[in-house]
Number of protein chains: 2
Amino acid sequence: MMVSTKGRYALTVMVDLARKGENGYVSLSDIAESENLSMKYLESIIAILNKGGMLKSLRGKNGGYMLARDPKDYTINEILLLTEGTLAPVNCIMQEGVQCEKAATCSTLPLWAGLDKVIENYLKGITLEDIIIGNRKKMLGEYCESCEPAE
Amino acid sequence: MMVSTKGRYALTVMVDLARKGENGYVSLSDIAESENLSMKYLESIIAILNKGGMLKSLRGKNGGYMLARDPKDYTINEILLLTEGTLAPVNCIMQEGVQCEKAATCSTLPLWAGLDKVIENYLKGITLEDIIIGNRKKMLGEYCESCEPAE
DNA sequence: CATATTCCTACCAAGAGAGTAGGATTTGTC
DNA sequence: GACAAATCCTACTCTCTTGGTAGGAATATG
């Protein structure tokens with residue numbers, strides 16, 4: 001699995017914050033409750049988002065979290081990349097610059113590189129706002145059945 | 001990681017068989033040696049390919065494996081799907097028909113479904129033959145720097 | 001019959017995934 | 001100043017997957 005619960009929950013949190021964010025800081029327990037997820041586990045995931053500069057936080061009573069930017073200024077790629085560490089579909093493509101020692105002669109490498117680019121490209125093209133407004137056409141593209149209603 | 005060594009090695013085996021396949025059956029030890037992989041581990045991977053109808057096999061002396069079809073008649077998608085079980089990027093999209101119970105109200109589901117389709121689409125568009133002939137344009141698409149040589 | 005090969009079952013060690021536990025620190029309110 | 005509500009921080013644990021290994025049975029060729 002390329003994206004674990006960590007990345008998935010992180011995205012869920014971001015969506016939740018974007019929806020509730022108008023009225024100031026939202027507490028962890030609030031998020032955990034409305035998404036029905038373990039508060040302790042969410043805590044560790046939010047910590048990653050927070051350290052990565054995705055959120056603003058406030059400690060103490062009435063504290064909580066809110067988005068640091070406008071929803072349209074987050075790509076899904078950066079959210080998942082931060083929480084998952086890498087989104088490469090195979091182990092032989094990890095970070096920029098680092099590559100397998102067989103790379104020069106590996107005939108399957110272009111395939112993995114192409115797959116990686118296709119994934120990255122898709123995730124960079126979708127923003128947090130797209131998810132919130134339910135932009136199915138952008139997310140599902142030609143596979144969206146409800147986008148062009150049957151006559 | 002979406003594709004483990006199992007899927008990667010399986011693809012390598014298929015490529016190797018396609019290249020050597022003209023002269024009849026190729027033995028496991030032969031493949032393991034030329035790809036420099038553990039023979040015992042490859043054995044378990046080839047067993048999956050063989051049971052899945054991807055290969056023809058012959059036991060006994062001078063036995064071995066060969067492709068069941070022409071390289072151009074294998075998509076990368078089917079090879080990886082067989083060995084990996086699933087290529088879904090997230091756990092909430094597994095098999096056709098089976099879906100998460102929150103699916104109806106999940107705002108992130110269209111994203112995962114779209115990502116899944118993008119991946120599937122890419123892998124269905126590439127054949128074993130494309131890898132063997134090194135069809136970089138098809139694999140790397142717009143990201144292929146060597147496809148349009150600099151003037 | 002010897003040898004080279006596939007086939008089959010079982011086992012194992014390390015790491016990742018998915019959380020839990022407990023407490024320290026900070027801030028707002030009474 | 002005390003208390004409560006919240007974030008922050010470190011460490012631990014359990015289970016499943018990954019990436020193999022071991023040993024031998026069955027089978028075909030010469």
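These are my notebook entries on two protein chains, A and B, and on DNA strands C and D, in a predicted model.

**Conventions.** I worked from a predicted model, in which local features need pLDDT of at least 70 and side-chain atom pairs count only at pLDDT 80 or more, while totals for chains, interfaces and linings use all residues. Residues are numbered from 1 along each chain as its sequence is written, chains are lettered from A in the order in which they are written, and side-chain values use heavy atoms, with hydrogens and water left out.

**DNA strand C.** I looked up which residues are near this strand, meaning that one of their heavy atoms lies within 4 Å of it, and I found 23 residues, the closest being A:Ser38, A:Lys40, B:Leu28, B:Glu43 and B:Ser57. Of the atoms of DNA strand C that come within 4 Å of the protein, 66% belong to sugar and phosphate. I then went through individual atom pairs: a polar backbone atom of B:Leu28 is 2.5 Å from a phosphate oxygen of DNA strand C, and a polar side-chain atom of B:Glu43 lies 2.6 Å from a base nitrogen of that strand. Helix 3 of chain B gives the most to this surface, with 3 residues; helices here are DSSP runs of H or I with at least four residues, strands are runs of E with at least two, and both are numbered from the N terminus.

**DNA strand D.** I repeated the search here and found 23 residues around the strand, with A:Leu28, A:Glu43, B:Ser38, B:Lys40 and B:Arg59 as the closest. Sugar and phosphate make up 69% of the atoms of DNA strand D that come within 4 Å of the protein. A backbone N or O atom of A:Leu28 lies 2.6 Å from a phosphate oxygen of this strand, a polar side-chain atom of A:Ser57 lies 2.7 Å from a phosphate oxygen, and an N or O atom in the side chain of B:Lys40 is 2.5 Å from a base oxygen. The largest share of this surface, 3 residues, comes from helix 3 of chain A.

**Chain A against chain B.** I noted 39 residues from chain A and 39 residues from chain B in the contact (heavy atoms within 4.5 Å). Together the chains bury about 3,400 Å², 73% of it on carbon and sulfur atoms, where buried area is the accessible area (1.4 Å probe) that two parts lose on being put together, summed over both. A:Met1, A:Leu111 and A:Tyr143 supply 19% of the area that chain A buries here, more than any other three residues. I counted 0 salt bridges between the chains, a salt bridge being a side-chain nitrogen of Lys or Arg within 4 Å of a carboxyl oxygen of Asp or Glu. On the side of chain A that touches chain B, helix 5 of chain A gives the largest share, 12 residues.

**A:Arg19.** This residue sits in helix 1 of chain A and is partly exposed because its relative accessible area is 46%, between the cut-offs of under 20% for buried and over 50% for exposed (1.4 Å probe, protein chains only). Leaving aside neighbours within four places in sequence, I found A:Arg19 in contact with A:Ile131, A:Ile132 and B:Ser107. The C-alpha atoms of A:Arg19 and A:Glu129 are separated by 9.8 Å, although these residues are 110 residues apart along the chain.

Definitions and conventions:
A polar contact is a pair of N or O atoms within 3.5 Å; within protein, one must be able to donate a hydrogen and the other to accept it, and residues adjacent in sequence count only if both atoms are side-chain atoms.
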